[in-house]
Each structure stands twice: as structure tokens, then as C-alpha cells.
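Welcome! Please take a moment with the sequence and the 3D view, and then we will walk through some parts together.

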Amino acid sequence: MSQPLVGVLDYGSGNLHSACRALEAAGAKVRLGQRVSDFDGAAGLVLPGVGAFAACMSQLEAITGDELVRDWVAAGRKLLGICVGHQVLFARGVEHGVDSAGIGIFPGTVERLAARRLPHMGWNTIEPPSDQGVFAGLSGRRFYFVHSYGVHARDAAGRPAVPDDTLVAWTEHEGDRFVAAVQSGSVTSTQFHPEKSGAAGAQLLRSWLTS
């Protein structure tokens, strides 16, 4: 069986090498790039990210990566966002008093978690919506998180996080419930790091590659 080609968007942010190694271990052939032409023939695109929401958006916009992602999704092509790469898919991010526009694939807002201990760092279980899609077999499995911001069911203005037909996996940190992962059409994104999540993360990546 041939290896699917997967693009990883290199915009100066993200745990690129760990993500690439995990994707290769899951069965993909990986290509780094910055332009849509770099990903000719790719079966999917991965948007990684670490650090602050506004800084990642600025780096994406510098290479028109935000437009690339919007066009990619509009064409129905498979996308995986990881950590801040998951967060920037939402409409807005509010961090350190700075309100920044995101790519806007989903309507929600990324906000500081309501927890005493931040960052939320380490292993946590997730509550997937059902045993289907990339979430098949992942109920109660543990994934690795490291972040202080996330997406709640509704933001302060009452806007929903995601459209009604979206599959959402949830998790909690000190009683604060937030989005751990989503799957909507061709788009999958995770607040946790599947590339650092051992066997459970590898299973999710394989499911994404074959979905």
C-alpha cells in the first residue's frame, strides 16, 4: 500500500520535527512547504502551532498561509490543526488583552482557561461525541496537553464554538470544560498534541490519514 503524501505548513511556528516524525510513523510521506504549489498531490495538510495566538496569525499572514488554509478547506481538502494550529482555525483569540482575528473556519473564540493552575500541562482524558470518525476507539484515552487558552462551548458574547453538525471532543481542567478536538467535514483539529500522545495519538493520526 502506497504512503499518502501529507503537507506540513512551515510558517515559522510549530513543533515541526515531532509532527513530521509522528506522521511518518503513522504511515505518511511528509512534505514541508509554504505555498499551495508545494503541496501538489497531497492527500492532506497539517497546520501546527505553538506560542501565542496573535503571533502565530501574524506569521501565517506574512506568507498568506491564512488564505491558503481558507482555500484548502473551501475546496474540501483534508486539514489537521494542532495546538495553536487548532486555535487559529477559530474566529478570534483573546490573549493578554489582545483581541486578534483568526482564520475563521469555526465561529468560536479562544479565551484564557478559568483554572487556578496554568498552563494546563500533561496528560488528560477526552470525551469524544461518539465512536465514529477520527474519534473511534478514543473514549477515555489520554492525550498530552500544554496550553493556557482554549475554546468553551460559548464565548462571552454567547457565540457557539462550532456549527451544530460538528463532532466535538471535550476535556476538563480544574472543572473548566473546553474543546479538546473537533471534526467537521474535511477539517480535524486538536488542542492536544497527537504527536506527543503515544499510542492514542498515533491511532488518531492513522485514523485521520485514512479518513
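## Before we start

A residue counts as buried when its relative accessible area is under 20%, as exposed when it is over 50%, and as partly exposed in between. Please keep in mind that this is a predicted model.

With those cut-offs, where does Glu174 fall? At 34% relative accessibility, Glu174 counts as partly exposed, because 34% lies between the two limits. Glu174 is placed in the loop between β11 and β12, which takes us straight to our first stop.

## Three strands in a row

Strand β11 covers residues 167-173 and runs antiparallel to β12, with 7 bridges joining the two. To find one matching pair in the view, look for Leu167, which stands opposite Gln183 in β12. β11 and β12 form a hairpin with 2 residues between them. Glu174 sits in that turn, and its phi is positive, about 50 degrees, although Glu174 is not a glycine.

On its other side, β12 has another antiparallel partner: 4 bridges join β12 to strand β13, residues 187-190. Here Ser184 stands opposite Val187 in β13. The strands β12 and β13 also make a hairpin with 2 residues between them, and in this hairpin Gly185 has a positive phi near 60 degrees. Is β12 itself mostly enclosed or open? Of the 9 residues in β12 (residues 176-184), 8 are buried, so the strand is largely enclosed by the rest of the structure.

## A buried alanine in a loop

Next, look for Ala161, in the loop between β10 (149-151) and β11. Ala161 has a relative accessible area of 3%, which is under 20%, so this residue is buried.

Which residues does Ala161 touch, leaving aside those up to four places away in sequence? The contacts are Phe90, Phe106, Pro107, Gly108, Val151, His152, Ala153 and Val179. Taking Val179 as an example, Ala161 is 18 residues away from it in sequence, and their C-alpha atoms are 8.3 Å apart in space.

## Two helices and what covers them

Helix α5 spans residues 198-210. Its 13 residues, at 1.5 Å a residue, should span 18 Å; the end C-alpha atoms are 19 Å apart, which agrees. The buried residues in α5 are Ala200, Gly201, Leu204, Leu205, Ser207, Trp208 and Leu209. An α-helix has 3.6 residues a turn, so residues three or four places apart point the same way. The buried residues of α5 pack against several elements, including β1 (5-9), α1 (16-25), β3 (44-47) and β13.

Is Ala199, also in α5, buried or exposed? Ala199 has a relative accessible area of 58%, which is over 50%, so this residue is exposed. The C-alpha atoms of Ala199 and Leu23 are separated by 13 Å, although these residues are 176 residues apart along the chain.

Leu23 belongs to the buried residues of α1, together with Leu16, Ser18, Ala19, Cys20 and Ala22. Among the elements covering these buried residues are β1, β2 (29-33), β3 and α5. Just after α1 comes Gly27, with a positive phi of about 115 degrees.

## Some less usual backbone spots

Most residues other than glycine have a negative phi, and most peptide bonds are trans. With that in mind, look at His96, which has a positive phi of about 55 degrees although it is not a glycine. His96 is found in the loop between β5 (90-95) and β6 (98-101). With a relative accessible area of 67%, His96 is exposed.

Another spot to visit is the peptide bond from Leu118 to Pro119, which is cis, with omega near 5 degrees. Pro119 lies in the loop between β7 (106-112) and β8 (120-125).

## The largest pocket

Our last stop is the largest pocket, which holds about 190 Å³ of space. How many residues line it? The lining of the largest pocket has 14 residues, and Gly51, Val84, Val146, His147 and Ser148 lie nearest the pocket's centre. The elements that give two or more residues to this lining are α4 (84-87) and β9 (142-147). By type, the lining residues of the largest pocket divide into 6 nonpolar, 6 polar and 2 charged.

Technical notes:
Residues are numbered from 1 along each chain as its sequence is written. This is a predicted model: local features need pLDDT of at least 70, side-chain atom pairs count only at pLDDT 80 or more; totals for chains, interfaces and linings use all residues. Side-chain values use heavy atoms; hydrogens and water are left out. On a 1 Å grid over the protein atoms alone, a cavity is a set of points where a 1.4 Å probe fits but cannot get out, and a pocket is an open set with protein on both sides within 12 Å along at least five of seven lines; lining residues have an atom within 4 Å of a point. Grid points are joined across faces, edges and corners, and a volume is the space filled by probe spheres set on the points. Ala, Val, Leu, Ile, Met, Phe, Trp, Tyr, Cys and Pro count as nonpolar, Asp, Glu, Lys and Arg as charged, and the others, Gly among them, as polar. Buried means under 20% relative accessible area, exposed over 50%, partly exposed in between (1.4 Å probe, protein chains only). Two strands pair if DSSP finds at least two bridges between them. Contact means heavy atoms within 4.5 Å. The expected span of a helix is 1.5 Å times one less than its number of residues.
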